[in-house]
Structures are given as C-alpha cells and as structure tokens.
Amino acid sequence: GVFWGLSGERAEWKGREPRRRRKGGERMEGLLVKPKICGSCGASGAAMRCECKTVCYCDAECQRASWTKHKEVCSWALKRRVERERERLGDDDGAVGEASLKLGEVLLDQEDLAGAEEHLKEGLRIRRSTFGVKSEEAADATSLLGGVYAKQGRLDDALKMEKRALRVYRRVHGDKHADVAIALNSVGLALWRKGELDRAMAKFEEA
C-alpha cells in the first residue's frame, strides 16, 4: 500500500493527472521568499513588496522580470482575475469557478483559511453546476475544501468532504487508481486527527 505519514499535508490537485503528495512544508512557488530578499535576483535589502505581501523586489524592473511566473501564485493578481472574469462572464461561468479555485488554493497555502474557504466553496459550487455533483471535477474541489476544514479544526466537516471525494474517485476509477489512494490517505488523516486510530490505520493500509 501507499503511506505518506501523518504530517497533515494534503495532496495537491494537478488537473486530471494523479495528484502528487506535497513534501512537508512545501508551498507554491514564490510563497516562501524571505522578507527583504528579492524574489527575482535574490539580492538582500529589497524595498519593494508585491501587493500580495508574500514577495519583495529590488525595484519595478525586478518585479517585471519575474511577474509572468509570480502572477500565477499572487493572491492580489488572482483576486483581480476572479473579479474580471465575473464582470465579463457572470457569476456562474466555468472560468469564474476555475479562477476562484486557483485563488482558494493559493490562499490555503498562505494560511488565509477564511479566504480559502470562501473561494473554494465558490469554485465547488460552479463545478457542481457545470460538471455535476458526482463528477470527478467536483470531487477535486471537495477534497481541497476538506483540507481547509482540517486546518480550521473542523474535523467532522473535513472527514465528510474527504469521504465524499473518495466515493467519486472509486466510482470513476475503481480501487487501484492513484487518486483513490490519495483520497484514502486523506480520509485516514482526518480519522487520525479525530483520534479514531484503528479506522485511520485501516485506511492507510488500504491505500
């Protein structure tokens, strides 16, 4: 079976490819830049800070040099993307949902749990409307929301979300797929946090 430990780190969603496990403490690119260290050239004493507050730059030139990469994990830029898509397409368009999910993932990495919950719920709502409640796409978003609940200490809610995602993955893939194994571990971690150790170990072993 597959067993990734009890660190509480969750699997990262990567479209429809099997989701890989994050290593302990891993964050999205750009979110662990030390304060005052330029996120572009690496020089110390960087005085300019991005609007997202997670990365600093020496000056506007350094910011422009890394903007193409950083904008994909910049909560400020992603919030603007959500707003633009909503104004252009309306509240229920799939593009709004995907932008909301992306923003929710970034906010989760930044430990902004309230913001992550808000945007992941919005993305989940739109995916359910677009693909169906029992779709694999909705299951991916459901699992992400379960990760937020786990960090908030809402363990019953986290377990409910992870179980829901697991049922969909089993139905779509059968029992031998990587997404099923990852979901089993997520359920196991939720049970472990609740103190249900025997049930947790059973899920880890099944994975």
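1. Two helices count as roughly antiparallel when the angle between them is over 145 degrees. In this predicted model, the axes of helix H3 (residues 94–109) and helix H4 cross at roughly 150° and come within 7 Å, and H3 and H4 are therefore roughly antiparallel to each other. The crossing in which H3 passes H4 is left-handed. On the H3 side the contact involves residues including Gly-94, Gly-97, Leu-101, Gly-104 and Leu-108, while H4 contributes, among them, Leu-113, Ala-116, Leu-120, Gly-123 and Arg-127.

2. Helix H4 also packs against helix H5 (residues 136–152), here at an angle of about 160° and with the axes 9 Å apart, which makes H4 roughly antiparallel to H5. This crossing, in which H4 passes H5, is likewise left-handed. Among the residues of H4 that meet H5 are Leu-113, Ala-116, Glu-117, Leu-120, Leu-124 and Phe-131, and the residues they meet in H5 include Ala-138, Ala-141, Leu-145, Val-148 and Tyr-149. Leu-120 of H4 is listed in the contact with H3 and again in the contact with H5.

3. As to the overall layout, the protein has eight helices and two strands, and, read along the sequence, these elements follow the pattern β-β-α-α-α-α-α-α-α-α. Of the 207 residues, 45% are buried, and the protein exposes about 10500 Å², of which carbon and sulfur atoms supply 49%. Among contacts with a separation of 6 or more, 48% link residues that lie 24 or more positions apart.

4. Confidence deserves a separate comment. The mean pLDDT of the protein is 86, and 83% of its residues reach 70 or more. Among the elements, helix H4 (residues 113–131) has the highest mean pLDDT, at 97, and strand E1 (residues 48–49) the lowest, at 92. Over residues 1–33, by contrast, the pLDDT is below 50, although this stretch has 89 contacts in the model beyond near neighbours in sequence.

5. Is Ser-66 buried or exposed? This serine is found in helix H1 (residues 60–70), and, because its relative accessibility is 13%, against a cut-off of under 20%, Ser-66 counts as buried. Leaving aside residues up to four places away in sequence, Ser-66 touches Ser-40 and Tyr-57.

Definitions and conventions:
Residues numbered from 1 in each chain as written. Predicted model: local features only at pLDDT ≥ 70, side-chain atom pairs only at ≥ 80, totals over all residues. Heavy atoms only, no water. Helix = DSSP H or I, 4+ residues; strand = E, 2+ residues; numbered from the N terminus. Buried < 20%, exposed > 50% of the residue type's maximum accessible area, 1.4 Å probe, protein only. Contact = heavy atoms within 4.5 Å. Areas by Shrake-Rupley, 256 points an atom, 1.4 Å probe, with all protein chains shown as cover. pLDDT = per-residue confidence, 0-100. Axes fitted to C-alpha atoms, helices over the stretch in contact; angles between N-to-C directions. Parallel < 35°, antiparallel > 145°, perpendicular 65-115°, else oblique. Left-handed = near helix turned anticlockwise from the far one by under 90°.
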